[in-house]
Amino acid sequence: MSYNFNSIEEKWLEKWKDEKVFEPRPEGKKFLLTVPWPYCNGALHIGHGRTYTIGDIVARYKRMKGLNVMYPMGFHISGTPILAFSKKIENGDEATINLYRSYLELYGDDPSKVSEFSVPSNIAEYFSDKIINDFTNMGFSIDWTRKFTSGEPIYNKFVEWQFRFLRDKKLIKRGDYPLLYSAEEGNPVGEDDILEGDTDKVSITQFTGVFFYVGDDVLLASTVRPETLDGVTNLFLNPKAQYCRIRMNGKTFIVSSRAFEKLKYQRDAEFVSNVKVEDYIGKKAKEPLNSREIPIFPAKFVDPDIGTGVDYSVPAHSVWDHVGLLEISEAPDYIYVIETKDQTLSMEDVRKKFGISGLDDKDKLVEATKYVYEKEYYHGKIVTGKFKGNIVKDVKDRISEDLVQSGIAIPIYETSRKAETREGNPVMVAVIKNQWFIDYSIEEWKEKVRELIEKMDLRPDSLRNQFLQTVDWIKERPCARKRGLGTKLPMDNAWIIESLSDSTIYTVVYTIIPFLRQMKFEEIDDELFDFIFFGKGQLSQKGEATRKIAEEARNEYLYWYPVDLRHTSYPHISNHLTFYLFNHVAIFPPEKWPIGISTGGMVISEGQKMSKSKGNVYPLLTIKRKYGADLFRMYLASNADVWYDVDWRTSEVENYSKKLDRFFSLLEDARNSKGEPDEKDLWIVSRMIDRITRSSKNYDSMKIREATVELFFNALNDIRDLENFSGKERALRAVKKFGKEWVLSLSPVIPFVAEEIYSMYGENGFASLQTYPSMENVYREQESEWNFIESIVEDFRSITKVSPIRPKKMIIGTAEEWKWKLLEESKSRDIKQMIKEATPERREFLLTLMKKKDLTQNIRNEREVLERYREDLARYLNVEISISEDASYTKKALPGRPAIRLE
RNA sequence: GCGGGGGUUGCCGAGCUAGGUUAAAGGUACCAGACUUAAGAUCUGGUUCCGUAGGGAUUCGGGGGUUCAAAUCCCCUCCCCCGCACCA
């Protein structure tokens, strides 16, 4: 290490802070950039750093382009995770306690303090502090004076205002809604609450419970394939299971006892009596469509814990049923109701295909069922009944609805797989009554959002389609839960606004939060927000001081809003970002709607998804200590394009460190070099100027990777070539000509190094606040000359590669004057005509010209250039060089491509 | 299935929305060499195949087509990843 990143970073952090470099005043052309606020329930790792780093690079670049940039940040604490963790710590859950101990250790705090985390707000506070620290250390140019959290009272007031507004606009409604639920815990359960819920997702599946009549009772058979009802041949009950009679809507139903336990959370169901399964097996039941009498058989494969524990059997379309009947040696008629591509799928063929010998081949049966289901679902045509001629997938839902409407079936919800909570209780589906929704299904609302999407600045381009698609399928979204941290629903305090719904327009709060903080808490109310955002009312009830602050807040809002760019990772597209658009459209006037959105990829580590078990999760803090912020930023910026995933590979990171080191010492040495550069070396200045200009365009379109590859890697390679050709001293003198501009152009990516070098070059201000460099390129000619020389070097190499001789001498013959003339002429004339008129010698040359349209011909004075470079070139290639005009040497030469003879 | 994104030279990954200047950027790995007592670091050259002269042949998931010319455009096909919701 020739530079000590720790001391450099500390030094500049302090200076930035002292001079409030990143706390913008409302002056000039503004640029408001936001990145979703982090959820603070643990230490940040490299994955978290990415979006904020990209955000910061953009912020810093825009700042250098003369915009007044605000990059604010707050913290998200709503929802269940923090609550869940603190509860686990309170309950002594060992894994959680160890995890949080490790966080404390990481930050150098006393691990025994872990018990304090049993209070949720302590978790939020502790980690938000640490995140501020981590982010600051990463060099993020965040204005922390605008910080707030989704849990603080002022923010609660704002969200309450928002929800009353939505309610008044009739965008909020109530209804029954199925949710994953734990009866034992008395709560809905989310992914985090379910054992392996993150890796093996659980969703809600709708079953159709179909009525089969036996005397006065109804056997309630559940199915996910209501389209096969016409093909039913019998019912199956599990002879080992307990069944019971229950009453719902005045009818009595027979279901498994386990089913009743779950059903009562979905509808009003009342226990009547236990029943003996033997009393039903062997009897006949009447199916509801055509009142056919069908037998009831025993079957051990029927799981009393799935659906209702009553299975209707369609052996023509179900492998289970087919195999189940084989086992009890029953051979009913196979009634086919679905055909796939003009033929029916034979269950016997499927059984053989999958090598199923009996009901014990469970895995094979599951696989075969999936096969049959997919085939018949996507390609199956219904051949009987009301829906004849339709493809299953097109009418499946309608069939179920139709059965329910006809009064012969009810919907039943079931989990997509058997699951239990982390506390070990079964997960089931409960229908929550009077759930609150935001009704995103309203067509006029959608239409406005679509209009917004059409005109927004979206990156990458494919975002537009993804958003439009999301708008199409989005419907009502439950917006409140019964537990978690957050804002209470103003219409009903028993509910807490759900954590994504409480963070849809919070970006506007950044613009006014410092002013809200100056007010008396009681004075922050709906009237105030109406005034600030809509200019409504006079605030005549409020004090003089409050009115004045409110006025300022309104001006600040008008100045900063809307958000110019919101940057985040792609998983947010179909939820957060879409809600963000919907809510802005509903609440704000069009000129305050979002202007741009960009999405980026995630971070994987050592080629794999990050996970604790793989040991490839690196905390941000450790990375910063080990490599420094600039290195981290450089790696993230240049490893992958913004919208692709970055792969964090430690071995590669180490290599970056060497490069950054070289960059630093190179600029340091250049600064100390004395004297004017050699004219011949100025090609590097030309290349650099063009690089800096091109990179500005790349930064603009968020091609950050391309910018850094150009400005950093390719530039370093050029300088290496220059050093080799001209020697270190000369190279440094040339680098000195653009050192300052070079480092400024990279300052958005490596701000600390940039500041250090910038000041090393004798400048007083902050590199971070300089204008992005632009230099006039007056060295194009030198670059062309160098390109010419370089091509000779390449040719020399490719010859020596295949030729066995070790050359002592290189004789170069440049193209004769007549060739140049012909070339010139060919540009304005039909070359075929010229060939016809030409002498044999010229003709050959013209034919070559026709083939090689790419001849480099920037240098007209090749001989003169060669003379000038001869000495350097000879030293570099370690050969003696002579330039010959002798026809034997020039014969094969072309303009831009002199003939080379090695001896 | 729907929607989105991909399949490129050992690996990662550009280029492909303006077809030729691309055997194909950059990184990494590997081989040879320089330096060094040695290793590491650094630097140089090389890494599809053939070739005693800067050349040629074959490559960009597979197949077909358009074109003087295709990794790049069109059609068909195979495979992979992500999202499809109440979870931050």
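A residue counts as near a molecule or strand if one of its heavy atoms lies within 4 Å of it. The model is predicted, so that local features need pLDDT of at least 70 and side-chain atom pairs count only at pLDDT 80 or more, while totals for chains, interfaces and linings use all residues. Residues are numbered from 1 along each chain as its sequence is written, chains are lettered from A and ligands numbered from 1 in the order in which they are written, and side-chain values use heavy atoms, with hydrogens and water left out.

**Exercise 1. Describe the protein surface near RNA strand B, and name the residues that come nearest.**

Step one is to find the residues: there are 54 around RNA strand B, and Tyr39, Tyr177, Arg477, Asp795 and Leu902 come nearest. On the RNA side, sugar and phosphate make up 57% of the atoms of strand B that come within 4 Å of the protein.

Step two is to sort the surface by class, where Ala, Val, Leu, Ile, Met, Phe, Trp, Tyr, Cys and Pro count as nonpolar, Asp, Glu, Lys and Arg as charged, and the others, Gly among them, as polar. The surface near RNA strand B then has 20 nonpolar, 17 polar and 17 charged residues.

Step three is to ask which elements supply it, taking helices (H or I, at least four residues) and strands (E, at least two) as DSSP runs numbered from the N terminus. Among those that each supply at least two residues are helix H13 (463–473), helix H17 (573–587), H26 and strand E28 (899–902).

Step four looks at single atom pairs. A backbone N or O atom of Leu902 is 2.4 Å from a base nitrogen of RNA strand B, a side-chain N or O atom of Ser574 is 3.3 Å from a sugar or linking oxygen of the strand, and one in the side chain of Arg797 is 3.4 Å from a phosphate oxygen.

**Exercise 2. Work out how helix H26 (residues 780–802) packs against helix H21 (residues 683–700).**

Axes are lines fitted to C-alpha atoms, for helices over the stretch in contact, and angles run from 0 to 180 degrees between N-to-C directions. The axes of H21 and H26 are 7 Å apart, at an angle of about 110°. H21 is therefore roughly perpendicular to H26, given that angles under 35 degrees count as roughly parallel, over 145 as roughly antiparallel, 65 to 115 as roughly perpendicular and the rest as oblique.

For the contact (heavy atoms within 4.5 Å), Trp683, Ser686, Arg687 and Asp690 of H21 meet residues of H26 that include Arg780, Trp786 and Glu790. Sorted by class, this contact has 2 nonpolar, 3 polar and 5 charged residues.

**Exercise 3. Repeat the analysis for H26 and helix H30 (residues 862–877).**

Here the axes lie 11 Å apart and the packing angle is about 50°, which makes H26 oblique to H30. From H26, residues including Trp786, Ile789 and Phe796 meet residues of H30 that include Val865, Tyr869 and Leu873. The contact of H26 with H30 has 12 nonpolar, 1 polar and 4 charged residues.

**Exercise 4. Find the backbone features at Pro460, Pro562 and Leu539.**

As background, most residues other than glycine have a negative phi, and most peptide bonds are trans.

First, a cis peptide bond with omega of about -5° joins Arg459 and Pro460, and Pro460 is in the loop between strand E18 (457–459) and H13. Second, Tyr561 and Pro562 are joined by a cis peptide bond with omega of about 5°, and Pro562 is in the loop between helix H16 (544–560) and strand E22 (565–569). Third, Leu539, although not a glycine, has a positive phi of about 60°, and its place is in the loop between helix H15 (526–534) and H16.

Methods: A polar contact is a pair of N or O atoms within 3.5 Å; within protein, one must be able to donate a hydrogen and the other to accept it, and residues adjacent in sequence count only if both atoms are side-chain atoms.
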